[in-house]
Every structure is written in C-alpha cells, then in structure tokens.
Amino acid sequence: MVDSFAETDDHEVAAAAVRAGADVVRRMYGRRLDRIDKGAGDFATTADVAAEQAILDVIRAARPEDAVLGEEGGQRGAADSVRQWLVDPLCGTLNYAVGTMLVAVNVALRGGAAAVADPFGGEVFLTDGKTARVRQDGTDAPLVPTAGTRLVDVNLDPPFPGAPGFRGTDLLAHPEFVERFRPRVVSTTLALAWVAAGRRAAYVTDGGDLFGSVHFAAGIALCRAAGCVVTGIDGVPVERGGRGIVAAADADTHELLMSMIDGRGV
C-alpha cells in the first residue's frame with residue numbers, strides 16, 4: 001500500500017517509487033504498445049506513461065506537498081519548489097519497445113535522495129545523499145566503485161551538442177583509450193549505477209547541463225554518494241553548469257579520460 005510510505009525517509013520513498021514503476025515496466029513488457037511521438041525520432045509508450053503514474057502515486061502518498069517533474073507529465077507543483085522530485089519512468093524506451101530488457105527507472109529528489117531500478121535484474125540502487133547501496137531480495141550491500149573492470153560506457157545517442165569539439169566516437173578511437181579501456185555502449189542510465197557499483201570504470205556522455213535532468217539526476221546522485229568523481233566533459237562540476245557527464249570510479253580514471261577528451265594526452 002502506498003500509504004505505508006508516508007512516514008519513511010526520502011531514500012525509501014525513492015526506492016518504493018522506482019519499484020512501483022519497475023513493476024509496471026515488467027508487467028507491460030512484450031505487449032503491443034501505443035507510441036506517443038515526441039518529435040526528432042523520440043517517443044514514449046503507454047508503458048512510460050503508466051509507470052510514471054505508478055511512481056507519482058507513491059510520491060503523492062508519501063510527500064503530498066512536494067513538486068514533481070516527470071519526463072512524460074511535465075511539471076506538477078511549483079517549479080521553484082524547495083523539494084522537487086525528478087522522474088524518468090522508463091529510461092531506455094527504444095530498447096524496451098523492441099524487446100530489449102536493458103532499461104532503468106529513475107527517481108531523484110533534487111539535491112537529495114535518489115533511486116534507480118533495474119526492472120528485469122531485480123536490483124534497486126539507492127542513496128540518501130550520503131551513502132549508496134544496492135538492494136536485491138530485501139538485502140542491502142554497499143556500492144563500491146572500482147576501475148578494475150576497465151569497461152567504459154559511452155553514450156552515442158544523438159544529438160551531439162559538443163561536436164565538433166567532442167564526439168564520443170572520437171574518444172573510442174583515441175589510441176590511449178584503446179590501450180587502457182574497453183568500450184561499451186549503453187543507452188540507459190543503468191550505466192551510471194554500474195559505475196557506482198564497480199561494474200564499469202566510467203561513463204561518458206555529451207550534453208548540456210544534466211545535473212537537474214530527469215534522465216541523469218538519480219545516477220549522478222548514486223555515483224557521488226558512492227565516492228565516484230563526476231564532472232562535465234569540460235571538467236566543470238555538474239552542479240555548477242558542467243556540460244555532459246564524465247563519471248569515473250576514481251580520480252586517476254577520471255583524469256585519464258579527461259586528458260583524452262580535451263586533447264592533452266598523457
């Protein structure tokens with residue numbers, strides 16, 4: 001019952017919300033879904049809308065006075081509210097629509113708690129803004145980032161606002177990158193949760209100011225709480241207007257990637 005979350009901490013509200021969204025995503029998987037055109041090749045499905053509604057039901061029951069910015073429903077409540085939840089009910093819609101289970105459900109309280117659910121892996125990554133952990137089958141374990149895997153996810157989805165100064169494909173072709181890392185391409189913000197969990201050495205995406213993005217806020221919060229180094233591709237802290245994201249398991253990995261991105265070499 002969503003009412004049972006009314007007295008819980010914000011991170012548990014976030015966890016409950018992503019679980020509710022993930023339940024919808026799993027239940028509707030494999031169905032023939034109507035698409036809602038957003039233009040420029042982007043679209044939502046009826047699963048996105050239904051999952052967002054399930055998330056909203058949890059947040060409204062637990063925090064009725066808070067504002068919400070949802071990817072599908074837009075702003076609810078005052079946009080300048082001190083407390084605003086950022087909701088991406090189905091990150092990886094294209095994957096989902098074609099029957100690929102690589103998707104995420106993201107919920108973040110701006111500047112605070114956050115959670116990311118892997119609907120098909122059964123994991124919920126969550127943070128209270130200070131510590132970060134992963135929950136599966138009712139058991140929590142701390143998130144411990146490490147660069148040991150040498151795997152780096154690079155977002156190659158358009159648009160490419162950094163071009164010609166930065167292109168993800170250029171990074172992948174950089175001789176030093178090939179020597180030090182192995183590339184992966186993931187079109188969902190699960191990649192950020194994997195950096196926090198030590199399953200990826202880093203994640204890189206172009207873009208504008210993504211700190212307050214419904215797509216990335218939860219993943220950024222997880223990485224920060226786990227101890228990762230997170231800046232824009234320009235090296236500016238994301239909360240200060242950094243452009244895009246470079247999230248690395250440690251400072252050495254971050255510095256190495258930045259040297260390739262800005263052309264300084266190593």
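The following is a conversation about a predicted model, covering its cores, a hairpin and its cysteines.

Colleague: Which residues touch the most other members in the largest nonpolar core?

Modeller: They are Phe125, Leu143, Leu222, Cys223, Val230 and Ile245, in a core of 36 residues.

Colleague: Which elements give two or more residues to this core?

Modeller: Five strands and two helices are involved, namely S5 (84–91), S6 (104–109), S7 (114–118), S9 (132–136) and S15 (243–248), together with helices H6 (190–196) and H7 (217–226). The largest share, eight residues, is supplied by H7.

Colleague: Is H7 mostly covered or mostly exposed?

Modeller: Mostly covered, as nine of its ten residues are buried. The buried residues are Ala217, Ala218, Gly219, Ile220, Ala221, Leu222, Cys223, Ala225 and Ala226. Just after the helix, Gly227 adopts a positive phi of about 100°.

Colleague: Back to Val230. What is it in contact with, leaving aside neighbours within four places in sequence?

Modeller: Val230 is then in contact with Ile220, Cys223 and Arg224, and also with Val238, Ile245, Val246 and Ala247.

Colleague: How many residues are in the second, separate core?

Modeller: That core has 33 residues, among them Ala17, Val25, Val58 and Leu126. As background, nonpolar side chains in soluble globular proteins tend to be buried together.

Colleague: Changing topic, how do strands S1 and S2 run?

Modeller: S1 (residues 35–39) and S2 (residues 42–45) run antiparallel, and four bridges join them. Gly39 has Asp42 in S2 as its bridge partner. The two strands form a hairpin with two residues between them. In the turn, Ala40 has a positive phi of about 55°.

Colleague: And the cysteines: how many disulfides does the structure hold?

Modeller: Zero.

Colleague: Why is there no bond for Cys91?

Modeller: The closest cysteine sulfur to that of Cys91 belongs to Cys223, and because the two are 13 Å apart, they are too far for a bond.

Colleague: Is Cys91 buried or exposed?

Modeller: Cys91 counts as buried because its relative accessibility is 9%, and the cut-off for buried is under 20%.

Colleague: What about Cys228, how far away is the nearest cysteine sulfur?

Modeller: It is 4.3 Å away and belongs to Cys223, and Cys228 is in no disulfide. A disulfide needs the two sulfur atoms to be within 2.5 Å. Cys228 is also buried, with a relative accessible area of 8%.

Methods
Residues numbered from 1 in each chain as written. Predicted model: local features only at pLDDT ≥ 70, side-chain atom pairs only at ≥ 80, totals over all residues. Heavy atoms only, no water. Core = buried A, V, L, I, M, F, W, Y, C linked by side-chain atoms within 4.5 Å. Buried < 20%, exposed > 50% of the residue type's maximum accessible area, 1.4 Å probe, protein only. Contact = heavy atoms within 4.5 Å. Pairing = 2+ DSSP bridges.
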